[in-house]
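Biologist: Here's a protein chain I'd like to get to know. Can we go through it together, one question at a time?

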Amino acid sequence: MTINVRQARPADLAGMQACNLQNLPENYRMNYYFYHVTSWPSLSYVAEDDKGRIVGYILAKMDDDNPEGKEGKSDPHGHVTSISVLRPYRRLGLAKKLMVQSQRAMAEIYRASYVSLHVRKSNRAAIGLYRDTLGFGIHEVDKGYYADGEDALAMRLYLSPDNTA
């Protein structure tokens, strides 16, 4: 089984959305995927099987607002909006590959100082990937972040040459 990880293109959006709908309770309209892929074309990636089927994706963007609510702008930082890998393709390292590709582009192209993301507090597998494999730390808990009322862990990874390789 050959899996190719490459930059996402507008033609991939239906496959990305199908992967999202199959795996995640947080779903997005097609124009939201389009906005990400056309606004930050170097940050979103797909994993495709040898038949060209999208089996995983990362949807990411740059954010230069001030998350601390202070005046002015903060350093630019990346944000992972969504990442998903279809169940039969999990535990192959695809999520890590997708994350690392996006992180590298955030650092090299946009000079991001860190990457942020939200993860359900109950999603132990994802928390393990982010914390133990990729080196993210918990920045804060966002109470009731998800539509069903579940809390989110707001996590960050500060970028340096060591964690974008």
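Biologist: Let's start with the largest pocket: how many residues line it, and which lie nearest its centre?

Modeller: Keep in mind that this is a predicted model. The largest pocket has a lining of 50 residues. Nearest its centre lie I83, V119, N123, A126 and Y130.

Biologist: Which element gives the most to the lining of the largest pocket?

Modeller: Elements that give two or more residues to the lining are β3 (54–63), β4, α3, β5, α4, β6 (137–142) and β7. With eight residues, the one that gives the most is β4.

Biologist: And how much space lies in the largest pocket?

Modeller: By class, its lining has 24 nonpolar, 12 polar and 14 charged residues. The space in this pocket comes to about 1,300 Å³.

Biologist: Let me step back to the whole chain. In what order do the elements run from the N terminus on?

Modeller: The chain's secondary structure comes to four helices and seven strands. Of its 165 residues, 46% count as buried. Reading from the N terminus, the order is β-α-α-β-β-β-α-β-α-β-β.

Biologist: What share of the contacts with a separation of 6 or more comes from residues 24 or more positions apart?

Modeller: One such pair is A112 and M62, but you asked about the chain's total. Residues 24 or more positions apart account for 63% of those contacts.

Biologist: Back to a name from the pocket: is Y130 buried or exposed?

Modeller: Y130 sits in helix α4. Its relative accessibility is 7%, and buried means under 20%. So Y130 counts as buried.

Biologist: Which residues does Y130 touch, leaving out those up to four places away in sequence?

Modeller: Take M99 to begin with: it is 31 residues from Y130 along the chain, yet their C-alpha atoms are separated by 9.2 Å. Y130 touches M99. With that same limit on sequence neighbours, the full list for Y130 is I83, M99, L117, V119, G135, F136 and M155.

Biologist: What does M99 touch, with residues up to four places away not counted?

Modeller: M99 and Y130 are both among the residues that touch the most other members of the largest nonpolar core, which has 44 residues. Nonpolar side chains tend to be buried together in soluble globular proteins. Not counting residues up to four places away, M99 touches I58, V80, I83, L117, Y130, L134 and F136.

Biologist: What do the buried residues of α4 pack against?

Modeller: Helix α4 covers residues 124–133, and A126, I127, G128, L129 and Y130 are its buried ones. Just after the helix, G135 takes a positive phi of about 90°. The buried residues of α4 pack against β4 (77–85), α3 (94–110), β5 (114–120) and β7 (152–158).

Biologist: R6 has a charged side chain by class. Is R6 buried or exposed?

Modeller: R6 belongs to strand β1 (residues 4–7). Its relative accessible area is 13%, and the cut-off for buried is under 20%. That's why R6 is buried.

Biologist: Which side chain does R6 join in a polar contact?

Modeller: Leaving out residues up to four places away in sequence, R6 touches D12, Y45, V46, E48 and I54. One of these makes a polar contact of 3.1 Å with the side chain of R6. The partner is E48.

Biologist: Now the loop between α3 and β5: how far apart are the C-alpha atoms of A112 and L159?

Modeller: A112 is in that loop, while L159 is in the segment after β7. A112 is buried, with a relative accessible area of 9%, and L159 counts as buried at 15%. The two are 47 residues apart along the chain, but their C-alpha atoms are separated by 7.2 Å.

Biologist: One last pair: are R91 and R111 buried or exposed?

Modeller: R91 is in the loop between β4 and α3, with a positive phi near 65°. R111 is in the loop between α3 and β5, with a positive phi near 55°. Exposed means over 50% relative accessible area, and R91 comes in at 85%, R111 at 62%. So both R91 and R111 count as exposed.

Conventions. Residues numbered from 1 in each chain as written. Predicted model: local features only at pLDDT ≥ 70, side-chain atom pairs only at ≥ 80, totals over all residues. Heavy atoms only, no water. Buried < 20%, exposed > 50% of the residue type's maximum accessible area, 1.4 Å probe, protein only. Contact = heavy atoms within 4.5 Å. Core = buried A, V, L, I, M, F, W, Y, C linked by side-chain atoms within 4.5 Å. Polar contact = N/O pair within 3.5 Å; in protein donor to acceptor, adjacent residues only side chain to side chain. 1 Å grid on protein atoms, 1.4 Å probe; cavity = no way out; pocket = protein on both sides within 12 Å on 5 of 7 lines; lining within 4 Å. Points joined across faces, edges and corners; volume = space filled by probe spheres on them.
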